[in-house]
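Could you walk me through this structure, one selection at a time? I have it open in my viewer and would like to know where to click and what I will find there.

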Amino acid sequence: MEERKFELDFRGRKIVVEVGELAKQANAACLVRYGDTAILSACVMSNKATSADFFPLTINYQEKFYSVGKIPGGFIKREGRPTEQAVLAARLIDRPIRPLFAEGFRNEVQVINTVMSVDQDCSPEMTALFGSSLSLSISNIPFEGPVAGVVVGRVDGKFIINPSSDELEKSDINLSVAGTKDAINMVEASSKEVSEADMIDALMFGHEAIKELVAFQEDIIKEVGLEKVEVELKVLSSELVREVEDFSRAKMLEAIQIKDKLEKYAAIDKVKEDTVLYFSEKYESSDDVDSIINDVKKIVDNIEGEEVRNLIIESHIRPDGRAMDEIRELSAKIDLLARTHGSALFTRGQTQVLSTTTLGALGEHQILDGLGIEDEKRFMHHYNFPAFCVGEVGRYGAPGRREIGHGALGERALLQVIPSEEEFPYTIRVVSDVLESNGSSSQASICAGCLSLMAAGVPIKAPVAGIAMGLITKGDKYTILTDIQGLEDHMGDMDFKVAGTRSGICAMQMDIKIKGVSREILTEALEQARMARFQILDVMEECISEPRHELSKYAPKIETIQINPEKIKDVIGRGGDMITKIILEASNVKTVQDKDAVKVDLEDDGRVIVYHNDPEVIRKTIGMIEDVAREVEIGKIYNVKVISIQDFGAFVEVWPGCEGLIHISQLALDRVPKTSNVVKVGDEIMAMVTGYDKRGRLNLSRKEVLIKNKKSKGDE
């Protein structure tokens with residue numbers, strides 16, 4: 001491919017695409033510059049189809065710390081495992097691209113996005129999505145794109161495409177939306193209780209911008225796009241399909257209408273096992289028996305999906321017998337765990353989540369080592385999905401992409417109602433453990449997390465609930481489902497998660513398996529979700545109607561004082577010796593790492609935040625800090641204690657943390673040949689503050705006190 005450059009003036013910023021110079025051995029590659037952001041997107045495809053029964057697509061988003069002029073933290077100074085933000089970015093790119101490959105495509109495809117330069121005002125994630133789509137589109141890989149994505153914000157009621165970081169700070173919407181020129185196929189959003197109507201307008205506004213980016217890609221494809229290769233698509237034998245259907249369809253229809261999840265799945269598995277056994281025996285003499293049996297498994301899976309879809313579309317019957325807009329049975333409980341700061345259990349049908357809230361000092365915030373502007377966060381939501389929650393054995397270790405994604409979605413939803421640091425100066429961690437799952441566990445974790453926050457006494461602005469909506473299509477017909485269970489999610493065309501308060505939407509996420517959804521479907525789904533959200537909030541508020549006014553007795557208590565910001569360095573002391581001394585003495589511990597040690601956060605604006613379970617320890621700590629931060633008055637007389645004798649004078653302590661020097665010439669009315677002739681260590685004497693020397697040390701005088709006393713007696 002020859003070297004070419006293409007440019008587009010997109011909403012006030014320039015997009016520059018360069019092809020043919022970099023990564024020439026990939027199937028295709030492009031360097032996309034958006035402002036000062038630069039992403040290299042390269043795609044490759046294996047020559048032969050794999051034997052896998054799924055499409056093996058991998059999307060990587062590789063953050064390079066040099067892109068923002070940073071050296072990686074930690075002992076090993078090189079990029080290691082992806083950050084959570086990189087995982088979320090890769091998922092965001094994968095979701096709109098995956099549906100645009102043909103059914104039966106089994107060649108392995110990888111798209112590698114290398115983040116080479118980052119302009120914080122020009123989204124690297126959306127740039128990488130553009131580059132991923134374009135590299136696939138100009139390659140010989142049979143991709144049915146292109147797609148593109150934008151970020152939509154709203155400031156002062158006005159929608160903005162790809163807002164700057166400053167604009168995003170003021171925005172009440174942070175919406176990432178992707179799609180083709182015809183329809184939207186991916187949504188990721190957080191918002192400050194925005195109405196459904198406004199969110200629809202934001203989606204449509206974003207789609208208009210997407211059309212411009214898709215048109216730009218189409219122009220480039222016409223110029224440099226390669227001819228698509230023909231690949232072997234997995235096609236099932238029509239004769240075998242007919243045989244398997246005759247054997248299993250009626251049994252499968254009966255199995256999927258069983259209401260209990262475990263019984264249903266056991267019955268479905270029995271149908272599949274019986275079918276495989278029958279055809280294994282029938283074709284055991286065939287040379288291609290293994291391939292035939294793999295096809296049988298695929299066919300019976302397809303039958304399961306078809307029967308689920310037919311029941312819903314044609315008969316308006318869901319697998320568990322619910323109405324299309326009916327939520328499964330709900331229950332909510334709090335205070336299950338005595339020693340946690342807050343705990344709650346939320347159950348929706350056969351999906352159950354236990355969430356706990358832990359409060360800590362601001363100094364316990366999470367440090368972020370990534371490419372973004374933020375380097376820390378004080379609110380965290382972590383989501384865990386153990387294998388036992390679906391009755392399976394599995395591997396346990398670091399969280400996977402799914403757990404990171406679901407945790408981030410819950411965090412975005414709950415963050416909208418978390419009080420500010422000034423209102424509630426704690427680090428807050430919510431952990432959601434899925435104990436049982438039959439679909440929509442991420443939304444159950446939002447409900448359980450909200451309940452645990454209120455039980456912990458976190459003054460959230462309003463309760464938040466989440467619901468997952470589904471979509472089943474057949475030709476021009478479609479049905480929207482409220483509160484989808486696992487089977488409907490697996491067999492359906494859309495997973496649309498919506499979380500919010502009674503006032504509006506706080507977070508959304510949409511994934512689809514079809515090429516896109518219309519405004520009509522989005523509007524209907526959001527309204528159905530709103531009604532369901534209110535029902536869930538009714539149940540949650542029956543359990544706990546508002547945040548508790550007192551924290552758990554096991555949560556750290558807090559006291560905040562304000563001191564002169566210039567005194568912060570004195571409270572810290574040289575090398576941290578003063579604050580260490582205060583912590584050890586006030587807490588009566590040997591090390592600052594001791595679990596019983598008081599925690600102190602010192603802010604640049606002069607705020608001092610003290611945390612401990614014992615109010616007496618907090619009061620003692622504050623008293624010691626106030627002593628250090630107290631400012632002496634020039635000309636005032638203090639009772640001071642001699643702490644050190646030197647040839648040139650005596651060092652004295654005005655109060656703990658405040659020390660000064662009485663020069664030998666200021667110890668007495670007459671000349672003093674030796675300091676120790678007048679004072680000794682431990683003596684308490686009266687001295688007047690006279691000012692500071694050139695080195696900033698406090699100077700005092702005993703002589704001035706003696707002169708003043710002498711004059712006073714003379715007046716008498």
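Here is a tour that starts with the whole chain and then stops at single residues.

**The whole chain**

Keep in mind throughout that this is a predicted model. Show the chain as a cartoon to begin with: there are 15 helices and 29 strands to look at. Now turn the view around slowly. Along the principal axes, the C-alpha atoms fill a box of roughly 125 × 60 × 55 Å. A compact globule of 716 residues would have a radius of gyration near 27 Å, whereas this chain has 34 Å.

Next, switch on the surface. The chain exposes about 33,900 Å², and carbon and sulfur atoms supply 49% of that area. Buried residues make up 52% of the 716 residues. If you colour by charge, you are looking at 89 positive and 118 negative charges, whose mean positions are 6 Å apart. Contacts tell you about the fold too: of those with a separation of 6 or more, 69% join residues 24 or more positions apart.

**Into the cores**

Hide the surface and select Val17 and Met508. These two have the most contacts inside the largest nonpolar core, which has 135 residues. Now highlight helix H4, residues 196–224: this helix gives the most to that core, with twelve residues. Zoom in on Met508 and show what surrounds it. Leaving out residues up to four places away in sequence, Met508 touches eleven residues you can pick out one by one: Leu175, Val187, Glu188, Ala189, Met199, Leu203, Leu409, Phe496, Lys497, Val498 and Leu526. Another core, of 29 residues, lies apart from the largest one; to find it, select Val244, Ala267, Val300 and Met491, which are among its members.

**Two buried strand residues: Asn113 and Thr37**

Select Asn113 in strand E6, which covers residues 107–117. Is Asn113 buried or exposed? Its relative accessibility is 0%, so Asn113 counts as buried. Beyond its neighbours within four places in sequence, Asn113 is in contact with residues including Ile39, Leu40 and Ser41, as well as Ile59, Asn60, Tyr61 and Gln62.

Now move to Thr37, in strand E4 (residues 37–49). Thr37 is buried as well, because its relative accessible area is 0%. Try drawing a distance from Thr37 to Asp121: the two are 84 residues apart in sequence, and their C-alpha atoms are 8.7 Å apart in space. Among the residues that Thr37 touches, not counting those up to four places away in sequence, are Ser117, Val118, Asp119, Cys122 and Pro124.

**Along strand E17 and just past it**

Your next selection is Ser432, which sits in strand E17. With 0% relative accessibility, Ser432 counts as buried. Draw a line from the C-alpha atom of Ser432 to that of Met510: they are 78 residues apart along the chain and separated by 21 Å. Ser432 also touches His381, His382, Tyr383 and Asn384, among others that are further than four places away in sequence.

Follow the chain on to Ser437, in the loop between strand E17 (427–436) and helix H9 (441–456). Does being in a loop leave you guessing? Ser437 is buried, because its relative accessible area is 6%, and the cut-off for buried is under 20%. Leaving aside neighbours within four places in sequence, its contacts are Lys261, Gln350, Thr351, Phe385, Cys389 and Val390.

**Backbone details**

Three loops finish the tour. Go first to Pro146, in the loop between helix H2 (124–138) and strand E7 (148–155). Look at the peptide bond from Gly145 to Pro146: this bond is cis, with omega near 5 degrees.

Then select Arg11, in the loop between strand E1 (4–10) and strand E2 (13–19). Arg11 is not a glycine, yet has a positive phi of about 50 degrees. Arg11 is partly exposed, as its relative accessible area is 38%.

End at Asp483, in the loop between strand E19 (477–482) and helix H10 (486–491). Asp483 also has a positive phi, of about 60 degrees, although it is not a glycine. What is the relative accessibility of Asp483? The value is 0%, so Asp483 counts as buried.

Conventions:
Residues numbered from 1 in each chain as written. Predicted model: local features only at pLDDT ≥ 70, side-chain atom pairs only at ≥ 80, totals over all residues. Heavy atoms only, no water. Helix = DSSP H or I, 4+ residues; strand = E, 2+ residues; numbered from the N terminus. Rg over C-alpha atoms; globule rule 2.2 N^0.38 Å. Buried < 20%, exposed > 50% of the residue type's maximum accessible area, 1.4 Å probe, protein only. Contact = heavy atoms within 4.5 Å. Areas by Shrake-Rupley, 256 points an atom, 1.4 Å probe, with all protein chains shown as cover. Lys, Arg positive; Asp, Glu negative; His and termini not counted. Charge placed at Lys NZ, Arg CZ, Asp CG, Glu CD. Core = buried A, V, L, I, M, F, W, Y, C linked by side-chain atoms within 4.5 Å.
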